[in-house]
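Biologist: Could you walk me through how to read a fold like this one? I'd like to start with the sheet and work outwards.

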2 protein chains.
Amino acid sequence: MNTKLFFPITISIFIVACTETKFDLKAEEAAIIKADSTWSALSAESKDVDKILSYWTEDAVVIPPGQPVVKGKEALRKFVEESFKIPGFSISWKSSDVKLSPDGKLAYLYGENMTTMLDSTGNKISMPGRGYSIWKKESDGSWKCVVDIFNNPPQ
Amino acid sequence: MNTKLFFPITISIFIVACTETKFDLKAEEAAIIKADSTWSALSAESKDVDKILSYWTEDAVVIPPGQPVVKGKEALRKFVEESFKIPGFSISWKSSDVKLSPDGKLAYLYGENMTTMLDSTGNKISMPGRGYSIWKKESDGSWKCVVDIFNNPPQ
């Protein structure tokens with residue numbers, strides 16, 4: 001090979017390597033929203049605890065208003081299982097406004113949720129919430145939730 | 001120049017360019033915690049509104065429990081000014097557990113805060129909170145808060 005070709009070839013190789021961090025913004029946003037809405041639908045059914053837990057990272061943190069901080073998979077499992085024991089319990093949410101880090105590996109999104117349950121007299125009570133969740137892209141390409149915090153809107 | 005030098009020189013240039021995304025994790029964590037603690041000290045004084053506002057991005061969002069979502073600099077200015085009018089108002093916080101995106105451009109951190117004010121009879125009331133803030137690194141190298149949300153711990 002002519003040594004003069006080293007220059008353009010080397011440049012080409014490194015341009016490809018350097019642009020590896022580029023990503024399809026719309027595709028990643030859509031992937032996060034899809035995972036999040038599937039997760040909400042699963043949670044609304046209040047059945048498959050393992051499947052629901054699979055959307056969190058091992059060290060994920062959830063901070064529900066007025067309750068202790070829930071940190072890590074085992075605590076989250078207990079939190080989900082205890083919630084599902086509440087008569088008439090259901091939670092669902094809808095997220096929007098996804099923002100990603102420049103490398104496309106970390107994201108945060110706004111969400112509005114609704115928790116319903118039955119009170120001691122059997123009447124359905126609904127509690128709205130709004131907050132943010134933070135997601136990270138795992139090595140297998142999937143998005144997992146690392147932080148979820150919400151609070152109550154004005155009454 | 002000998003054309004044989006093109007290869008090592010070109011490689012060196014692109015290695016430098018490619019590793020531009022590397023960063024000093026401990027230094028960035030320290031920079032965020034320092035900005036955050038300076039911000040808390042300023043807020044506790046309840047005086048310099050402009051300086052306090054400078055820690056948020058133009059499109060920052062704050063979600064205080066039980067209050068409307070506060071979005072953008074103008075709304076944040078009003079929010080801060082109104083808070084400072086409350087008799088005996090003061091807020092301060094302490095953050096920890098900084099996590100950064102792989103490119104070092106986006107971060108989130110856990111924080112615990114304390115808001116104090118005087119009630120109608122002049123007695124001091126203190127309200128603890130805990131939550132997460134999300135920060136982004138600006139083009140000038142400074143860190144700014146883009147999201148701040150907290151709620152009340154168990155009573």
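Modeller: We'll take the sheet, then the helices on it, then the aromatic pairs. Keep in mind that this is a predicted model.

Biologist: Fine. In what order do the strands of the chain B sheet lie?

Modeller: The general idea is that strands of a sheet pair through backbone hydrogen bonds, either parallel or antiparallel. Here, chain B has an open sheet of six strands, ordered S2-S1-S6-S5-S4-S3, and the pairing is mixed. At the edges sit S2 (70–71) and S3 (90–100) of chain B, each pairing on one side only.

Biologist: Which way do S1(B) and S6(B) run relative to one another, parallel or antiparallel?

Modeller: Parallel: four bridges join S1 (residues 56–63) to S6 (residues 143–151) in chain B. You can follow the register on screen, with B:Trp56 opposite B:Cys145 of S6(B) and B:Ile63 partnered with B:Ile149 of S6(B).

Biologist: And how do S1(B) and S2(B) run?

Modeller: Those two are antiparallel, joined by two bridges. One place to look is B:Val61, whose bridge partner in S2(B) is B:Lys71. S1(B) and S2(B) make a hairpin with six residues between them, and in the turn B:Gly66 has a positive phi of about 75 degrees.

Biologist: Why would you call S1(B) largely enclosed?

Modeller: Just look at burial along the strand: six of the eight residues of S1(B) are buried, so the rest of the structure largely encloses it.

Biologist: Which strands does helix H2 of chain B lie across?

Modeller: H2(B) (residues 25–45) lies across S1, S3, S4 (106–118), S5 (124–137) and S6 of chain B, and its direction is at about 170 degrees to S3(B). Compare H4(B) (residues 73–85), which lies across S1 and S2 of chain B at about 55 degrees to S1(B).

Biologist: What span should H2(B) have, and what does the model give?

Modeller: Use 1.5 Å a residue: the 21 residues of H2(B) should span 30 Å, and the end C-alpha atoms are 31 Å apart, which agrees.

Biologist: Which residues of H2(B) are buried?

Modeller: They are B:Glu28, B:Glu29, B:Ile32, B:Ala35, B:Asp36, B:Trp39, B:Ser40, B:Leu42 and B:Ser43. These buried residues cover an arc of only 165 degrees around the axis, which puts them on the same side of H2(B). On the other side of the helix, B:Lys26 and B:Lys34 are exposed.

Biologist: Now the aromatics. How many aromatic pairs does the structure hold?

Modeller: There are 14 over all chains. As a rule, a pair of aromatic rings is described by the distance of the centres and the angle of the planes. Take A:Trp39 and A:Trp135: their ring centres are 5.6 Å apart and the planes stand at 90 degrees, so that's edge-to-face. A:Trp39 sits in H2 (residues 25–45) of chain A and A:Trp135 in S5 (residues 124–137) of chain A, so the pair ties together parts 96 residues apart in sequence.

Biologist: Are A:Trp39 and A:Trp135 buried or exposed?

Modeller: Both A:Trp39 and A:Trp135 are buried. In chain B, the rings of B:Trp39 and B:Trp135 have centres 5.6 Å apart and planes at 90 degrees, so they are edge-to-face. B:Trp39 is in H2(B) and B:Trp135 in S5(B), 96 residues apart. With a relative accessible area of 2%, B:Trp39 is buried; for B:Trp135, also buried, the value is 0%.

Biologist: Which residues form one aromatic cluster in chain A?

Modeller: A:Trp39 and A:Trp135 again, along with A:Tyr55, A:Trp56 and A:Trp93.

Terms used. Residues numbered from 1 in each chain as written. Chains lettered and ligands numbered in written order. Predicted model: local features only at pLDDT ≥ 70, side-chain atom pairs only at ≥ 80, totals over all residues. Heavy atoms only, no water. Pairing = 2+ DSSP bridges. Contact = heavy atoms within 4.5 Å. Axes fitted to C-alpha atoms, helices over the stretch in contact; angles between N-to-C directions. Buried < 20%, exposed > 50% of the residue type's maximum accessible area, 1.4 Å probe, protein only. Phe/Tyr/Trp six-rings, centres within 6.5 Å; stacked < 30°, edge-to-face > 60°. Expected span 1.5 Å × (residues − 1). Arc of directions from axis to C-beta.
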